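Q: Please walk me through this one before I set anything up. I would like the terms spelled out as we go.

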Amino acid sequence: MSGKSAHLDALTGIRGIAAWLVVLYHIRLSLTALLPGEVIAVLAKGYLAVDLFFMLSGFVIWYNYADRLRAGGRAEVRLFLWRRFARVWPLHAVILAAFVAFVGLLLATGRAAPGYPLAELPLHLLLVQNWGLAGALTWNHPAWSISTEFAAYLLFPLIVLLRWDRLSPPALLLLAGGLLAALHLLFSLSGHRNLGDAIPQLGLWRCLAGFALGNVLCLLWLHWRVRQGLGLLAGLVAFATAGAGLALNWPETAFAPAAFFAGLLALALGQGALVRLLGGRLLTYLGEISYSTYLAHFLLWIVWKLAFVDATLQLGWASLAGFLATVLAASILLYHGV
């Protein structure tokens with residue numbers, strides 16, 4: 001973000017941290033020789049960073065496009081959808097092409113490639129692979145969320161037509177509560193406690209709910225951005241919600257999205273040291289390249305394991321540093337090059 005939204009750089013910074021939490025989540029089982037079990041347990045929740053992405057996306061999309069869509073009619077809707085497609089698809093296509101080349105190399109050398117069904121490639125190319133059309137994650141696993149994000153983009157003009165911007169803050173809070181309750185109820189009725197469960201079946205709804213919550217977040221911020229002290233209050237709500245959920249062993253779906261919602265609102269409204277830290281130049285840049293980090297790291301990890309990791313599948317410190325540096329370099333190159 002820039003210009004009049006520069007003070008929201010903290011939200012860009014946390015996106016960068018979230019991307020690296022996903023990276024560490026995917027490599028965590030190869031870090032058990034380096035890190036204590038308590039740290040591995042924390043990294044095992046790294047998939048929750050995706051829910052932050054969904055809310056952040058909803059916030060930014062509302063901020064940048066809601067007024068344009070409302071004023072511009074069908075022409076602006078077409079332009080919006082083209083811009084979003086042009087933002088997410090090229091890098092997705094590049095990484096998918098790299099996966100195809102990798103799988104071709106595996107097959108050419110007589111190795112099996114069971115996680116890469118050729119029949120599903122058209123779904124991935126069209127970004128519809130996680131719309132309930134496949135029973136498992138295949139090819140570039142992180143791209144499931146890009147598929148569901150694209151569904152959210154398609155629905156966003158309809159959300160704008162609902163005129164949520166006319167709602168008062170209490171009504172917006174009720175709307176957020178309804179979205180949070182509906183998400184928890186969906187997972188509960190499906191027999192799942194965690195947001196990372198049953199991604200091919202529930203991931204789409206997880207994304208749509210998070211994206212809509214991000215829309216509501218932006219509207220609340222627009223109402224409250226000149227109010228003093230609300231950022232601190234939202235932060236306290238976030239900590240209290242997360243603490244209660246962990247202490248009472250609530251299902252993750254019952255408290256984690258609500259804690260993220262309050263925490264992101266606190267960052268958007270806040271002015272303290274944490275906000276300044278997250279909005280610093282380094283973390284903001286990591287946030288800007290986070291899409292490249294998110295999409296590229298999974299293939300890099302597969303290749304790194306084949307090339308540099310022995311049968312124990314455990315990394316040493318040097319190998320870990322080399323992999324993380326490779327992901328960072330690839331993120332920078334892909335961000336600026338694609």
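A: Helices here are DSSP runs of H or I with at least four residues, strands are runs of E with at least two, and both are numbered from the N terminus. The model is predicted, so local features need a pLDDT of at least 70 and side-chain atom pairs count only at pLDDT 80 or more, while totals for chains, interfaces and linings use all residues. Residues are numbered from 1 along each chain as its sequence is written, and side-chain values use heavy atoms, with hydrogens and water left out.

Q: OK, loops then. Where does N249 sit, and what is its phi?

A: N249 is in the loop between helix 8 (230-247) and helix 9, and its phi is near 55°, a positive value in a residue other than glycine. At 55% relative accessibility N249 counts as exposed (buried is under 20% relative accessible area, exposed is over 50%, and partly exposed is in between, with a 1.4 Å probe and protein chains only).

Q: Which residue in the loop between helix 12 and helix 13 has a positive phi although it is not a glycine?

A: That is L313, with a phi of about 60°, placed in the loop between helix 12 (290-308) and helix 13 (317-337). L313 is partly exposed, because its relative accessibility is 43%. As background, most residues other than glycine have a negative phi.

Q: And what is the phi of G110?

A: G110, just after helix 3, takes a positive phi of about 80°.

Q: Tell me about helix 3 itself. How far does helix 3 span between its end C-alpha atoms?

A: Helix 3 covers residues 49-108 and spans only 36 Å between its end C-alpha atoms, whereas a straight helix of 60 residues would span 88 Å at 1.5 Å a residue (the expected span being 1.5 Å times one less than the number of residues). Helix 3 also bends by about 135° at G73 (the angle between axes fitted to the seven residues ending there and the seven starting there).

Q: How does helix 1 compare with its own expected length?

A: Helix 1 (residues 9-27) reaches 28 Å from its first C-alpha to its last over its 19 residues, which is close to the 27 Å expected. Of those 19 residues, 14 are buried, so helix 1 is largely enclosed by the rest of the structure.

Q: Back to helix 3. What does P90 touch, leaving aside its neighbours within four places in sequence?

A: P90 lies in helix 3 and, with those neighbours set aside, is in contact (heavy atoms within 4.5 Å) with F85 and V338. P90 is partly exposed, with a relative accessible area of 29%, and its C-alpha is 18 Å from that of F102, which is 12 residues away in sequence.

Q: Switching to charges: how many salt bridges does a search of the whole structure find?

A: The search finds 6 (a side-chain nitrogen of Lys or Arg within 4 Å of a carboxyl oxygen of Asp or Glu). One of them pairs E252 with K45, the closest N and O atoms being 2.7 Å apart. E252 lies in helix 9 (residues 252-269) and K45 in the loop between helix 2 (37-43) and helix 3, so this pair ties together parts that are 207 residues apart in sequence.

Q: Is the E252 side buried or exposed?

A: E252 counts as buried, because its relative accessibility is 6%, whereas K45 is partly exposed at 36%.

Q: What does D51 pair with?

A: D51 forms a salt bridge with R206, where the closest N and O atoms are 2.8 Å apart. The pair links distant parts of the chain, with D51 in helix 3 and R206 in helix 7 (residues 199-224), 155 residues apart. Both D51 and R206 are buried.

Q: And which residues are joined into one network?

A: R163 forms a salt bridge with D165, again with the closest N and O atoms 2.8 Å apart. Salt bridges that share partners join D67, R70, R163 and D165 into one network.

Q: Last topic: is N130 buried or exposed?

A: N130, in the loop between helix 4 (121-125) and helix 5, is buried at 3% relative accessible area. Beyond its neighbours within four places in sequence, N130 contacts several residues, among them W144, T148, P200 and L204.

Q: What about L167?

A: L167 is in the loop between helix 5 and helix 6 (169-189) and counts as partly exposed at 29% relative accessibility. Not counting residues up to four places away, L167 touches L172, L175 and H223, and its C-alpha is separated by 9.7 Å from that of L220, 53 residues along the chain.
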